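Me: Please take a close look at the nonpolar core of this model, and then describe the parts around it. A plain account is enough.

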Amino acid sequence: MGVVTRTVQPNDFLGTLWALTGVRDLAVVIDGTAGCSFFHMVNASPGAREALFGRFLTTALEEDDVTLGGGEEKLAAALRAACGSGAAAVAVVSNPVSTLIGLDAAAVAARVEAETGIPVLVFQGGGWRGSADDGAGEAMLALCRRFAAPGAPPSGAAPGVNLLGPTAETFNWPADEAELRRLLSLLGLEVGAVLAWRTSTAEIARAGTACLSVVTHPAGLPAARHLAEAHGVPYIYGLPFGRRGTLEWLERVAALTGRDLPPGLAARELASFPSLSTLARLTEGSHRGRAWRVAVSAPYPVAAGLTRLAREDWRLEVAAVRLAGDPGPAAVAELEALGAQRVVVDPGGSAWREALAAARPDILLGSAADSALAPEVPVHVRVAAPAPDTVALYDGTPLVGWRGYAHLTQTLANALRRPGGAAAPAERAPGAVAGDRSTARQGPAPCC
Amino acid sequence: MTRGATEAAVRLSEVLSGRQPERHAGPVFPGHHCGLFEATFMAALFPASATLVVGPASCLYQAQVLAARRTGALQAAGAALRWLPLRQEDLALGCDALLEEAIREVVAECRPRLLFVVTTCTPEITGVDVGAILSSLRGTVDARLAAVRTNGFADLGRRQGTKAFLAALADIMDPVPRRPGAVNLLATRPPGPGAVELARALEEAGLTVHAFIPGSPPETLAGAPAAVNVILDAAAEPLARAMERRFGTPRCDLGHRYRPEDVGAALVRLGDFLGADLAPAADRLRARTAAFLAHARRRLEGVPFGIGAVEGSRYEAAAFLAELGMIPLFIEGAPLPEERPWAELLLALGHDPAVALPGGTAGTARLLAAFRPRIYIGHAPAELLAALGVAHCHLNSWWSEPAFAVPRRAAANVLNALAGGAPDPEPAVAAGRGGRPAWAS
């Protein structure tokens with residue numbers, strides 16, 4: 001394996017920033033050179049950008065600060081400005097330069113916190129400590145440790161469910177959050193704190209009074225464990241995907257929260273989508289009945305849910321699954337048990353590229369970076385970040401839940417129905433690359 | 001985090017009398033972009049090239065996302081981007097061997113004819129000598145090698161990444177005999193219709209265009225010292241100077257002029273320098289430009305504007321727009337000594353705009369809220385401008401549009417922005433107009 005990569009996974013510095021972007025009353029000082037702050041603004045996904053202005057600052061270290069010192073004074077000035085901005089709390093996030101030159105952000109933060117009385121959280125991973133999940137996880141844990149208070153929910157309030165794991169850059173989160181809220185409401189449950197997106201320190205303060213935490217992405221696990229240990233809030237790790245998968249997820253939530261699942265719920269929910277009984281019915285004509293092969297690349301809970309959906313509901317082969325971060329051997333074993341023929345844990349992308357070349361999938365459920373690695377795959381469906389080619393602002397296009405199942409099935413069927421959508425492996429000439437139309441045999445449509 | 005909007009601003013007349021606006025001090029957001037930001041754009045513009053970016057994963061990830069928005073341009077030019085993510089221990093223990101391995105790997109995989117190696121803040125701080133590494137590799141790998149050193153802590157706001165990327169090209173050039181009558185056009189973007197117009201004017205005067213930089217293929221770039229350099233964009237000047245130093249290549253600055261009379265004079269001066277008569281072409285293009293600007297003036301008369309960073313001089317741009325009847329309310333940045341004539345022209349036209357040093361987006365926001373122009377020209381977040389109901393415009397194009405195309409493009413962009421339209425022509429339209437010249441293929 002080489003040292004050069006075709007795609008890059010985000011590091012802890014970015015994960016921390018993405019998590020903190022989602023806390024409305026938190027001012028954030030990015031300590032270091034301003035380029036990181038500029039990139040954070042420029043590349044922020046639609047919906048996240050407006051959350052930055054008026055809340056984010058940079059110390060904008062320059063050459064003298066780097067070579068001669070002086071960064072501490074700039075950081076102190078930035079922290080004082082942030083503390084005086086009306087924010088409930090302040091966070092300082094060290095960038096790779098700041099950590100490399102050894103700027104002691106923690107000492108400066110402690111001094112300013114003592115002066116102002118405003119809580120100052122410090123994140124000094126600097127991009128060297130691990131993955132974006134590690135950074136976001138550290139931020140969510142720190143927020144819960146600092147602000148989540150024990151006790152009962154406010155009088156008269158419905159029991160809250162924490163959603164732990166999403167950040168400002170989680171793909172399709174507005175729609176997925178809407179569907180999760182809807183599903184939980186079917187059990188009479190409301191969503192409490194969402195760490196960390198469009199939340200506040202006041203909401204996080206109530207996270208310890210929730211009746212359940214749902215860990216939607218790996219970054220939410222440390223906070224969920226803390227809330228369980230410190231405040232007795234149970235948690236489940238996983239998302240509802242597909243027909244049966246969504247029902248089982250709701251059954252687990254109901255069991256953990258002492259709720260009753262309304263009888264006949266799944267049948268009622270799916271009554272509007274009778275044609276979803278088989279993907280083949282939606283892909284009638286020349287594609288009907290083909291054995292498409294699927295590859296999935298997404299964070300663990302999404303990858304697991306989609307693998308199950310593809311196997312159980314679409315009845316397709318899952319040729320390969322990629323997890324960018326290492327979720328541990330249990331997760332790999334679970335994916336294999338769900339029917340994934342090969343599971344690759346590969347942040348760099350080279351092993352994943354080789355796996356895709358060997359698996360020759362017809363459908364790639366993944367990010368734009370995955371598509372760049374395997375442009376020869378005929379059908380690409382976005383299910384993960386980075387997705388700079390996709391706007392995901394509308395909250396009516398979820399991936400999770402029953403509505404997510406309907407939306408995903410419709411999206412995939414449309415892609416397959418388009419001319420040249422996907423040629424089945426059997427249709428390709430020996431040695432041809434998937435998607436090479438010049439070598440694919442265009443035979444007559446099989447009869448129904 | 002907020003301050004009064006206008007307290008730090010002073011009138012232009014006061015600035016010309018010696019009073020300086022107060023410089024914003026203290027924390028900012030988002031601050032200046034780093035050299036890598038510009039280098040990411042430049043990487044897409046060189047056919048048959050690959051670019052290897054070296055730095056922490058966060059820098060590379062952000063550049064990757066930025067580049068993904070330019071996938072079409074990357075594919076069209078046949079350029080590839082590859083990444084060498086560094087760990088902290090790579091920087092502590094040295095990464096020369098790693099970098100050498102990475103370069104060999106990219107050459108083997110992508111088979112580029114030209115490879116750029118771009119550094120970022122952390123390898124620059126720790127003293128990774130990418131120039132020396134490339135020198136040791138030349139002749140052992142099958143690609144021309146260019147070191148692009150960028151950072152985010154020095155030369156900020158001075159187009160460091162673009163300058164470094166272009167200047168690095170001197171490393172891949174060969175000493176070749178001079179070709180009489182041949183010129184290189186040095187820009188920062190691929191040639192657009194305006195560049196084609198200029199090239200035709202040069203060819204009508206008996207000159208030939210050898211290379212358009214960026215845009216020409218590596219072999220053409222390698223032979224660029226055979227031709228005289230015509231600088232269309234100030235960011236290409238370091239390359240021209242490097243070529244002058246290394247190969248004795250003469251250079252002449254056409255500049256990025258907004259006022260048609262200044263463009264015409266610069267063209268005639270260029271003709272004198274090159275020994276060609278460009279006056280007839282200048283007259284013809286000036287007349288064509290004047291007709292368009294007369295049309296624009298009817299719609300721009302009385303429109304108030306604020307102006308920040310633009311290509312070329314913001315004071316010349318402001319004077320040009322004021323001559324079209326627009327009203328300058330504020331200008332970000334005090335005039336440089338060489339900009340004084342345009343500042344005085346603004347006063348002579350009856351305008352005395354505020355001059356401020358806002359120090360970033362928050363400062364620009366305060367100016368916009370205080371002065372409420374109908375249009376802002378420069379860099380500012382779209383969300384901010386939309387919230388204030390201020391139209392937004394850049395005066396340039398994604399394409400190189402030099403000479404008389406500068407005032408036409410600027411006026412057209414303002415008109416389009418006020419009408420809510422797209423500022424730039426579609427690439428297909430731009431490329432299709434007049435065909436694709438040989439030096440751009």
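Reply: The model is predicted. Its largest nonpolar core holds 295 residues, and those that touch the most other members are Leu79(A), Val90(A), Met140(A), Leu52(B), Val117(B) and Leu169(B). Helix α7 of chain A, residues 132–147, gives this core its largest share, nine residues. In soluble globular proteins, nonpolar side chains tend to be buried together.

Leu169(B) can be followed further. Leaving aside residues up to four places away in sequence, Leu169(B) touches Ala146(B), Ile213(B), Leu221(B) and Leu239(B).

For chain A as a whole, buried residues account for 56% of the 448 residues. The chain has 18 helices and 13 strands. Of its contacts between residues at least 6 apart in sequence, 72% join residues at least 24 apart.

One sheet in chain A is worth a closer description. This open sheet consists of four strands in the order β6-β5-β7-β8, paired in parallel. Its edge strands are β6 (190–195) and β8 (235–237) of chain A, and each of them pairs on one side only. From one strand to the next, the twist averages 20 degrees. Within the sheet, β5 of chain A (residues 160–164) pairs with β6(A) in the parallel sense over four bridges. Gly160(A) stands opposite Glu190(A), which lies in β6(A). Helix α8 of chain A, residues 173–185, packs on the sheet and touches β5 and β6 of chain A. The direction of α8 makes about 145 degrees with that of β6(A).

Next comes the contact between the two chains. Chain B contributes 47 residues to the contact and chain A contributes 49 residues. On the side of chain B that touches chain A, the elements giving two or more residues include the helices α2 (35–43), α3 (57–68) and α6 (96–110) of chain B, along with strand β3 (80–85) of chain B. The largest share of that side, nine residues, comes from α3(B). By residue type, the side of chain B that touches chain A has 30 nonpolar, 11 polar and six charged residues.

Between β3 and α5 of chain B there is a loop, and Arg87(B) is found in it. Is Arg87(B) buried or partly exposed? Arg87(B) is partly exposed, because 14 other C-beta atoms lie within 10 Å, whereas 20 or more would be needed for a residue to count as buried. Ile103(B) is 16 residues apart from Arg87(B) along the chain, and 17 Å separates their C-alpha atoms.

The last part is helix α16 of chain B, residues 340–348, where Trp342(B), Ala343(B) and Leu346(B) are buried. These three cover an arc of only 105 degrees around the axis, and therefore lie on the same side of α16(B). An α-helix has 3.6 residues a turn, so residues three or four places apart point the same way. Among the elements that cover the buried residues of α16(B) are α1 (12–16), α15 (314–323) and β11 (327–332) of chain B. The face turned away from the buried side of α16(B) carries Pro341(B) and Ala348(B), which are exposed. After α16(B) comes Gly350(B), with a positive phi near 95 degrees.

Note on methods. Residues numbered from 1 in each chain as written. Chains lettered and ligands numbered in written order. Predicted model: local features only at pLDDT ≥ 70, side-chain atom pairs only at ≥ 80, totals over all residues. Pairing = 2+ DSSP bridges. Axes fitted to C-alpha atoms, helices over the stretch in contact; angles between N-to-C directions. Contact = placed C-beta atoms within 7 Å. Nonpolar A, V, L, I, M, F, W, Y, C, P; charged D, E, K, R; others polar. Buried ≥ 20, exposed ≤ 12 C-beta atoms within 10 Å, placed from the backbone. Arc of directions from axis to C-beta. Core = buried A, V, L, I, M, F, W, Y, C linked by C-beta atoms within 7 Å.
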